[in-house]
Structure formats: structure tokens, C-alpha cells
Amino acid sequence: MADARPKILVVDDIPSNVHVLSRILKDDYDIYFATDGEKALDLVQTRLPDLVLLDIMMPGMDGYEVCARIKADPATHDIPIIFISAKSEVEDETRGLEVGAIDFITKPISPPIVKARVRNHLLLKRQTDLLRSLSFLDGLTGIANRRRFDETMAREWRRCARSRQPLSLILLDVDHFKTYNDHYGHQAGDECLRAVAAVLADRVKRTGDLVARYGGEEFVCLLPETEGEGAMQVAERLRSAVADSAIPHAQSLVASHVTISLGVATVIPTMDVAPATLTQTADQLLYQAKRSGRNRAQG
Ligand code: GH3
Ligand code: MG
Ligand code: MG
Ligand code: MG
């Protein structure tokens, strides 16, 4: 939800400190609180707050340790942390920033300053999140881009290697797209790519599957935990869905509408083999699909 209220986790072993901070912030934010490090880490995992206000001196796990652990976990690494502490030596603040905090406020606190810093850090966090999400989208079609594909491929490769599950990849390419551009113009070509991307995204929806623009008029579908047979079924579904959308292509040598060719490769990944080998196999199969007449899936 775009307009959901930001979530802030307040961590301090002294309940009255928690209370003061909650009172300052509760009108603008949803507040969660913890009075020890273990509970704080628990809430960070389950609630994924947008910001953490963190005391340093606490019995058991201290704030430095809590901060270091939040920063060590990729799932929580990007949550900004502000230390709020009575410790005020240069070394205390330096250490806090070195373990990954974005800011350091000394007690006794000034409510307007806490409010202002919290607001600024949340704004920065929102901008960073937005930029990151945009950096993973293809500007033309709005689906995932190559960077997102590469990252997801590396992650799924590791995951499937661990669980010894098959990983399937479909690489597909629009048939005779050069003549489409030549005949209808480059702008219509762009429109066609958008339409093809929408058809693909609409047909590949299982959780964990990814559809991305690989480059130019080539797209990929990554299908974790999918056997070759299942992947071929998906590929055939995509091939017929694009054909059925009946985008006119007067210059195609295959049909009177836009068609795609697909290469379908499956492997049980191992860590001594690079993910690129799967892409290469799919590319070779795609080439075969082209050579044997286009508008077909080759497994
Ligand atoms: P084949 O059936 O063998 O794939 O033939 P093809 O004509 O599709 O293959 P080729 O690789 O020769 O042409 C791909 C064309 O795709 C050429 C390029 O101008 C066009 N193209 C790549 N990216 C874009 C894009 O973003 N927009 C548009 N309009 N065209 C693009
Ligand atoms: Mg304390
Ligand atoms: Mg191509
Ligand atoms: Mg092509």
C-alpha cells in the first residue's frame, strides 16, 4: 500500500524511554517496541519496520550487537537504524555508525529533532526503495529487466542446487521482428513489444516464476522447481497466447500475425556449474526452433 503509515520499531530497556519516543511519533507512524535485543531482532524479522530507533546500553545483547545483526541479514540490511543513547563520547558515536547505523542521537533527546531526523531518514529510505525498484524494471515494457533476471537467476540457481530441484528457463524471441519494424515503423515495434510482454506476464503467474525482457525483442521466463515437461507446457501456452493475440504482421514469413520462437532448457543446478550454461542451452534450442520454421517451442 503506497499510503500505509511507516512502521517504526523503538528499542530501549527502560519502558519510560520507550513511552516518551512513542508519544512523540505515534501520531505519524505505527510504533512497535521492544525492551531487549532478542525481542527487537524478532520484531525486525516479523514486522520489517521502515526504521529502528535503538538504545545501546541494554542488559544481555547491547544495541551495537542488535544493529550488527540486522545489517548482516540481507532481508533486513536496508532498514535504517538510528541510535538513541546516553553514551555521548566520540568513540561511542563512531562505533555506532561503523556497525551500520545511519544516525546517532544523544539522550536527553529533543522531541522536534527526533521527529525531524526520523522524517528525513524515512524520506531517504522511500526514495532509495523507489530507485531500487525502478532499477529492476524495463523502461519500455514495464516488466522485469535483465538486471533483475541475472540477480534472480543467481539466487534460484543456488536455491535449486541446495534443494536438488530442477530449474527451467524459456528464452523466446519475436519472429521476423526486423521486418515488422521496417513495415510498421519503430514506434509500432515498441508497441508490439509492450503487447508481447503483457501477454507473457499474464500467462506466467506462479509464485517464484519470473518473466523478464532479456534484451531487444528477446524475453526470458525463469521457472524454479519445474521439470522439462512442465516448462514445455508453459512454453506452448506462451506460444499460442502470443499467436492468439493476433497482432497483424503483414511481412512475416510464418503467419499473418506476430509469432514467437522459444528454446526450453532444464537442469538440476550444481554450484560447480555457472548459471550462464542454462541460458546458453536455451539459446541453442531457440536457434533450432528458428531453423526448423519458427512459431514453435524447442525443448
Ligand atoms: P528472427 O525471426 O530470426 O528472430 O528475425 P528478426 O528479424 O526478429 O531478428 P533480428 O535479430 O534480425 O531483428 C531483431 C530486430 O529487433 C532488430 C531490432 O531493430 C529490433 N529491436 C530490438 N529492440 C527493439 C526495441 O526496443 N524496439 C523496437 N521497435 N525494435 C527493436
Ligand atoms: Mg538502556
Ligand atoms: Mg533476436
Ligand atoms: Mg527475432
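Helix α8 gives the most to the shell around ligand 1, with four residues. The model is predicted. Three elements, β6 (167–174), α7 and α8, each supply at least two residues of that shell. In total, 16 residues surround the ligand. The closest are D175, F177, K178, G189 and G216. By class, the shell holds seven charged, five polar and four nonpolar residues.

Two of these elements also pack on each other. Helix α7 covers residues 177–184, and helix α8 covers residues 186–203. Their axes lie 6 Å apart, at an angle of about 130 degrees. The two helices are therefore oblique to each other. On the α7 side, the contact is made by F177, Y180, N181 and Y184. On the α8 side, H186, A188, G189 and C192 take part. This contact has a class make-up of five nonpolar residues, three polar and no charged. F177 and G189 belong to the contact, and both are among the closest residues to ligand 1.

The loop between β6 and α7 deserves a stop. H176 is found there. Its phi is positive, about 45 degrees, although H176 is not a glycine. H176 has 20 C-beta neighbours inside 10 Å, so this residue counts as buried.

A second non-glycine residue with positive phi is R164, at about 55 degrees. R164 sits in the loop between α6 (146–163) and β6. Here the surroundings are sparser in the count: 9 other C-beta atoms lie within 10 Å of R164, which means that R164 is exposed.

The backbone has another feature to check, at K107 and P108. A cis peptide bond joins these two residues, with omega about 0 degrees. P108 lies in the loop between β5 (103–106) and α5 (111–135).

Now step back to the whole chain. The protein chain contains 10 helices and 10 strands. Its C-alpha trace spans about 75 × 40 × 30 Å along the principal axes. The radius of gyration is 26 Å, whereas a compact globule of 299 residues would have one near 19 Å. Buried residues account for 35% of the 299 residues. H176 is one of the buried residues. Contacts also reach along the sequence. Among those between residues at least 6 apart, 63% join residues at least 24 apart.

Note on methods: Residues are numbered from 1 along each chain as its sequence is written. Chains are lettered from A and ligands numbered from 1 in the order in which they are written. This is a predicted model: local features need pLDDT of at least 70, side-chain atom pairs count only at pLDDT 80 or more; totals for chains, interfaces and linings use all residues. Axes are lines fitted to C-alpha atoms, for helices over the stretch in contact, and angles run from 0 to 180 degrees between N-to-C directions. Angles under 35 degrees count as roughly parallel, over 145 as roughly antiparallel, 65 to 115 as roughly perpendicular and the rest as oblique. Two residues are in contact if their C-beta atoms, placed from the backbone, lie within 7 Å. Ala, Val, Leu, Ile, Met, Phe, Trp, Tyr, Cys and Pro count as nonpolar, Asp, Glu, Lys and Arg as charged, and the others, Gly among them, as polar. A residue is near a molecule or strand if its C-beta atom, placed from the backbone, lies within 6 Å of it. The radius of gyration is taken over C-alpha atoms; the globule rule is 2.2 Å times the number of residues to the power 0.38. A residue is buried if 20 or more other C-beta atoms lie within 10 Å of its own, exposed if 12 or fewer, and partly exposed in between; C-beta atoms are placed from the backbone.
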